[in-house]
Amino acid sequence: MKNLNNLNEKPILVSFLVSGDPNIEATLKYMKALDEYCGVIELGIPFSDPVADGSTIQEANVRSLSNGFKINQSFDLLKEFRKDSDTPVVLMTYYNLVYNRGIEDFVIDAKKAGANGLIIVDLPLDEAEEYQKICKKHEFGTIFLVAPNTPDERIIYSDESSTMFLYLISTFGITGTRDSFEKMTFDFIKRAKSLCSDNSKLYVGFGISNEKHAENLISQGADGIIVGSAFVNIIKEYGDSEDTIIKLKELAKELHGGIEKGYAKYIKSD
Amino acid sequence: MKCDKNGYFGEFGGQYIPEVLKPAIDEIKEAYSELKNDEDFQNELSYYLKHYAGRETPLYYAKNLSEKLGGAKIYLKREDLLHGGAHKTNNTIGQALLAKKMGKTRIIAETGAGQHGVGTSMAGALFGLETEIFMGSIDIARQQPNVERMKLLGAKVNPVNTGSKVLKDAVNEAMRNWTATFENTHYLLGTVMGPHPFPTMVRDFQSVIGKEVKKQIMEQEGRFPDHLVACIGGGSNAMGLFYPFLGEKDCSKINMVGIEAAGKGLDTQEHGASISKGRKGILHGMLSYFLQDEDGQIEEAYSISAGLDYPGIGPEHAYLHNLGRVEYDSATDKQALNAFMELTRTEGIIPALESSHAISYAIENAGNMAKDDIMVINLSGRGDKDLNTVINAVNKMEN
Ligand SMILES: Cc1ncc(COP(=O)(O)O)c(C=O)c1O
């Protein structure tokens with residue numbers, strides 16, 4: 001796996017937000033608020049039928065789409081963000097939106113807007129040949145997902161196919177916060193680490209919401225954690241307000257603290 | 001049509017699924033490709049279809065309707081007489097048996113009209129599998145009798161309040177549930193859609209319809225029909241009727257017609273005609289035709305019949321449409337209601353509103369056909385579940 005963006009050597013926080021939740025201007029504010037704590041920002045492009053998402057992110061998609069969200073607004077938002085920040089941004093969406101625009105047009109427009117890569121939740125490797133060719137041609141980052149039940153050879157193949165980072169789905173199921181992580185997740189992180197190339201970045205997502213989660217997962221050797229529903233819940237509760245920004249920053253800071261603690265443990269155990 | 005190894009019919013089909021589901025889908029693919037050619041499994045399936053579900057179903061010459069329309073001879077394949085009241089049982093028994101062979105203890109399913117939910121609940125009761133059904137809350141309101149049946153059969157019915165609260169949203173919820181539960185759970189998909197191998201597998205289980213028609217029409221008429229007609233939600237009863245005729249050389253002249261829901265009209269926003277009005281896209285694991293806006297957001301489908309308001313169509317139909325092998329037409333709510341009344345009064349058969357869309361094709365076209373033309377219509381289900389809907393609609397029209 002090639003390190004396109006020189007992602008940090010120390011483990012990072014990846015924050016996920018849904019474009020247009022509750023409106024586009026607010027999303028830009030939230031991205032800026034989270035920027036100082038994040039190694040990567042993941043910007044969701046809402047889809048009408050998000051089958052891999054739990055109710056928190058589904059509802060965020062509905063809030064955005066019912067305000068008349070259009071894909072171009074995500075690109076415009078990113079252009080604005082790029083005026084102040086060079087933090088890597090990856091887009092996250094479902095394949096129909098990419099396919100419908102034309103894969104190449106989508107990649108060109110996303111790159112022009114300042115995106116560094118793309119996560120397509122319902123595009124498994126087996127169906128991704130053309131997509132990978134196009135991303136390669138435009139030097140646009142690819143990120144594939146693997147899960148605790150993904151066989152070894154497929155993890156290796158996914159690692160080789162991911163040019164930015166590999167997305168580790170923590171457990172079976174959809175997005176949404178969880179109480180705690182089990183042995184299955186820890187074993188999975190270790191297995192993936194032993195299979196993937198040394199300079200690959202392995203970020204774990206799905207269900208992470210607090211400092212303890214961050215600490216535990218990073219202490220197992222993950223290079224980053226991806227947090228979505230926990231941020232989206234704050235946006236849902238506080239809406240478009242100053243409070244939202246304060247709470248988002250508080251949570252990001254807390255997660256960041258967990259990452260530092262986990263990393264210290266990991267270094268010691270190594 | 002044979003799909004290739006990745007489950008493509010031409011450019012349609014495939015396996016567009018979240019990574020977590022890949023091993024679960026592979027497991028089904030392997031189990032099915034083994035059982036498909038396993039004599040014991042096929043015998044067991046045939047046993048239940050015959051002694052439990054009541055196959056074979058009659059192929060009935062609808063003399064009164066034929067004479068009234070004054071053209072082609074119309075035959076009805078009586079899937080309405082199948083246990084459960086619709087063709088859905090062919091598939092639910094097949095997949096429930098498969099689930100058992102795979103060692104699963106729980107089945108889940110989406111449902112629109114409630115017929116697939118009922119079929120799944122019956123199979124769950126029969127084979128001792130815990131059963132959970134996902135159903136849009138709008139469909140729950142308009143298909144109450146079927147909701148009660150599912151509950152009586154011991155299934156848990158989960159109302160789906162996301163999105164448009166109908167069939168496609170029920171599929172979304174069932175898939176989400178499966179993503180977390182596939183270790184002990186089989187997702188018993190109700191039509192020829194979804195990721196490979198579902199479109200092929202469901203078509204195979206429904207093909208018993210067409211196989212019987214072939215034999216029955218030879219017995220009654222000594223030749224194959226000129227027209228085959230079926231309604232299309234996802235397309236399983238239609239594939240079940242068409243498929244056994246598709247491979248035959250001497251069947252190349254058969255006019256096959258699938259009828260989609262035109263709802264309040266194809267020139268309105270309220271219909272379920274994915275072939276006439278949709279574009280290529282990807283949803284629920286497959287590349288096919290979908291109703292969608294210019295950004296690719298999936299649009300809501302509408303039909304008076306809950307079983308037809310799905311904004312997509314199975315990939316094999318998309319392929320057959322592109323080849324020009326099957327003709328895809330549509331019927332409005334009004335035409336379906338009219339066909340419902342017509343069949344009820346002329347033949348004493350109350351059809352499902354879904355099937356009424358297919359009957360409507362005969363009403364529009366049979367009169368212009370030659371007297372010795374033979375048309376077989378798949379009467380996919382009975383109409384008891386639709387009485388409220390029909391009575392309300394008729395009252396509205398009269399007022
Ligand atoms: C009686 C009946 N016919 C037809 C359908 C449509 O499904 P398909 O197109 O898969 O046959 C349904 C679906 O619920 C149904 O209940």
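Which residue of chain A forms a salt bridge with Lys22(B)? I started my notebook with that one, keeping in mind that the model is predicted.

**Entry 1, the salt bridge.** I found that the partner of Lys22(B) is Asp126(A), and I noted 3.6 Å between the closest N and O atoms. That sits inside the 4 Å cut-off, so the pair counts as a salt bridge. I then looked up the total between chain A and chain B, which is three salt bridges.

**Entry 2, polar contacts.** Next I checked polar contacts across the two chains and got 21 residue pairs, both residues of each pair being at pLDDT 80 or more.

**Entry 3, the chain A side.** I wanted to know which elements of chain A touch chain B. At least two residues each come from α2 (55–66), α4 (95–101) and β6 (145–146) of chain A. The largest share is that of α4(A), with five residues. Sorting this side of chain A by class, I wrote down 20 nonpolar, seven polar and seven charged residues.

**Entry 4, extent of the interface.** How many residues of each chain are in contact? I have 34 from chain A and 35 from chain B. Together the two chains bury about 2900 Å², and carbon and sulfur atoms account for 51% of that area.

**Entry 5, the record for chain B.** I turned to UniProt, where an unreviewed entry places "domain: Tryptophan synthase beta chain-like PALP" at residues 53–381 of chain B. Over that stretch of chain B I noted 42% helix and 21% strand. The C-alpha atoms at the two ends of residues 53–381 lie 14 Å apart.

Notes
Residues are numbered from 1 along each chain as its sequence is written. Chains are lettered from A and ligands numbered from 1 in the order in which they are written. This is a predicted model: local features need pLDDT of at least 70, side-chain atom pairs count only at pLDDT 80 or more; totals for chains, interfaces and linings use all residues. Side-chain values use heavy atoms; hydrogens and water are left out. UniProt positions are given in the numbering used here, feature names are shortened, and annotations may be inferred rather than shown by experiment. Helices (H or I, at least four residues) and strands (E, at least two) are DSSP runs, numbered from the N terminus. Contact means heavy atoms within 4.5 Å. Buried area is the accessible area (1.4 Å probe) that two parts lose on being put together, summed over both. A salt bridge is a side-chain nitrogen of Lys or Arg within 4 Å of a carboxyl oxygen of Asp or Glu. A polar contact is a pair of N or O atoms within 3.5 Å; within protein, one must be able to donate a hydrogen and the other to accept it, and residues adjacent in sequence count only if both atoms are side-chain atoms. Ala, Val, Leu, Ile, Met, Phe, Trp, Tyr, Cys and Pro count as nonpolar, Asp, Glu, Lys and Arg as charged, and the others, Gly among them, as polar.
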